[in-house]
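User: Could you take a close look at how the helices pack in this one, and at what sits in the core? I'd like one connected walk-through.

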Amino acid sequence: MASSSHALKGTVKAPGDKSISHRSLIFGAMAEGMTEIDGLLEGDDILATARAMAALGAKVEKIGQGHWKVTGKGRLQSPFDKIDCGNAGTGVRLLMGAVAGYPVEVTFDGDISLRKRPMKRVTGPLASMGARFEWKQNEDRLPVVVKGDQLSAIEFEQPVASAQVKSAILLAGLNAEGTTRIIEPEKSRDHTERMLTAFGAEVDVQEVGEGWVISLEGGQTLYGTKVSVPGDPSSAAFPLAAALIVPGSDVTVEGVMLNPLRAALFDTWVDMGADITISNRRMAGGEEVGDVTARYSQLKGIVVPEMRAAAMIDEYPILAATAAFAEGQTVMRGIGEMRVKESDRIALMTAGLRACGVQVEEEPEGFIVTGGPVKGGATVDTAHDHRIAMSHLVLGLAAEHPVAVRDPEMIATSFPGFVSLMNGLGARIG
Ligand code: S3P
């Protein structure tokens, strides 16, 4: 439960980026030799991927806090048991692509939320490359058995910008015959392309209009490398949001990744009148990072440019929570993808905010939040979604009455230590 707080003040470090943490373990296990990772996010999603890579034949060792070693054999092997990816869509979708090009048989499963999420967006293209899939209960839903095989490269045009789909195809393409080509009319996060290059692969990227074409030759070997995981902008968003809405606050989150395909929330908040400054810009782990400071601000509603959707798709829940305190309407459209995340995030945020007394109009592909004083005083359903839980807890810090959330344990999938970090800044979450 989160209760109305005094000003939040202080400096904290962002937890390791979830997307890069998954990839460092998966690529490390596919590679020949040792990969040394520091700053790994030790959230439940990532720990599930670490167990998966060990089950698929790599040696995975924790050396210290956030410091891991993965020793790969340059191939993956069939596990003895099914692979449980927990809550992690990124984990399971990338892994299906990773195993598809090896002669293995792997059953993938997940928790109640992951079992509801569509998988055909990944298995469709992988099947056209030659992998086979056996659905255990429902078409398009986990659990599924993946039978890897000799693959042929494909050319695939993405109907929606999805880095998970792109990454699964690229990982399969590493072991396919021919050149795999992905056309993205709208760019999605490019961690896979950047990291595969660091693991020694050749990936060609050509900008075309607003998007790009990514090509990769089959038959390439990855080689172990060092990965330094930058801070996760999607997690940094929560303490920064709290600072924006709790009067008198001044919070800095250090080491936040500023990849333009991930950091569009900060631009959006600035457009809403937020006092946000970024200092100490530097390179870490092949990505630009910086220290982001947010101070309490009287926000004003805006129409969020739809062009930004892919670069802040995970951030709309917390954006909506801050929009509840803005003057006027914040219009968020072109975000139908939110409905197939860890939960239907448009429906869940609409219901949660309304329960807290906020005016929200739900649309098929978006929602409009009208700001004003927020009553709170509700217990909100999160449908096992970490970001829905954290967004409402942050909202509760500036609401008139406390806000409680159901299934708060899911927060540990992406942000272990969230409550103590927030309370260390002065928040009242208990
Ligand atoms: C991710 C891609 C995004 C994002 C997810 C992480 C990734 O999903 O929502 O949290 O690491 O590739 P989509 O690729 O489905 O948009």
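Analyst: Quick bit of vocabulary before we start: a helix axis here is a line fitted to C-alpha atoms over the stretch in contact, and angles run from 0 to 180 degrees between N-to-C directions. Also keep in mind that this is a predicted model.

Let's begin with helix 10 (residues 345-355) and helix 11 (residues 386-396). Their axes lie 11 Å apart, and the packing angle is about 25°. Angles under 35 degrees count as roughly parallel, so helix 10 is roughly parallel to helix 11. The crossing of helix 10 past helix 11 is right-handed. On the helix 10 side, the contact uses Arg345, Leu348, Met349, Gly352 and Leu353, and helix 11 answers with His386, Arg387, Ile388, Ser391, His392 and Leu395. Sorted by class, that contact of helix 10 with helix 11 holds five nonpolar, four polar and two charged residues.

Now for a second pair, helix 4 (residues 120-129) and helix 5 (residues 163-173). Here the axes come within 9 Å and cross at roughly 25°, which makes helix 4 roughly parallel to helix 5. Helix 4 also passes helix 5 in a right-handed crossing. Arg121, Val122, Pro125, Leu126 and Met129 from helix 4 meet Val165, Ala168, Ile169, Ala172 and Gly173 from helix 5. The class split for the contact of helix 4 with helix 5 is eight nonpolar, one polar and one charged.

On to the core. The largest nonpolar core has 77 residues, and Trp269, Tyr316, Phe418 and Met422 are the ones touching the most other members. Helix 7 (residues 233-245) gives the most to this core, with nine residues. Zoom in on Phe418: leaving aside residues up to four places away in sequence, Phe418 touches Phe238, Met390, Leu393, Val394, Ile411 and Ile429. Apart from that core lies another one, of 68 residues, with Val104, Leu126, Ile214 and Val227 among them. Leu126 is also one of the helix 4 residues that meet helix 5.

One last stop is Leu299, in the loop between strand 19 (287-295) and helix 9 (316-323). Is Leu299 buried or exposed? Buried means under 20% relative accessible area, and Leu299 comes in at 2%, so Leu299 is buried. Not counting residues up to four places away in sequence, Leu299 touches Met272, Gly273, Ala274, Thr322, Ala326 and Glu327. Leu299 and Trp269 are 30 residues apart in sequence, and their C-alpha atoms are 8.0 Å apart in space.

How values were computed
Residues are numbered from 1 along each chain as its sequence is written. This is a predicted model: local features need pLDDT of at least 70, side-chain atom pairs count only at pLDDT 80 or more; totals for chains, interfaces and linings use all residues. Side-chain values use heavy atoms; hydrogens and water are left out. Helices (H or I, at least four residues) and strands (E, at least two) are DSSP runs, numbered from the N terminus. Angles under 35 degrees count as roughly parallel, over 145 as roughly antiparallel, 65 to 115 as roughly perpendicular and the rest as oblique. A crossing is left-handed if the near helix is turned anticlockwise from the far one by less than a right angle, and right-handed if clockwise. Contact means heavy atoms within 4.5 Å. Ala, Val, Leu, Ile, Met, Phe, Trp, Tyr, Cys and Pro count as nonpolar, Asp, Glu, Lys and Arg as charged, and the others, Gly among them, as polar. A nonpolar core is a set of buried Ala, Val, Leu, Ile, Met, Phe, Trp, Tyr and Cys residues joined through side-chain atoms within 4.5 Å. Buried means under 20% relative accessible area, exposed over 50%, partly exposed in between (1.4 Å probe, protein chains only).
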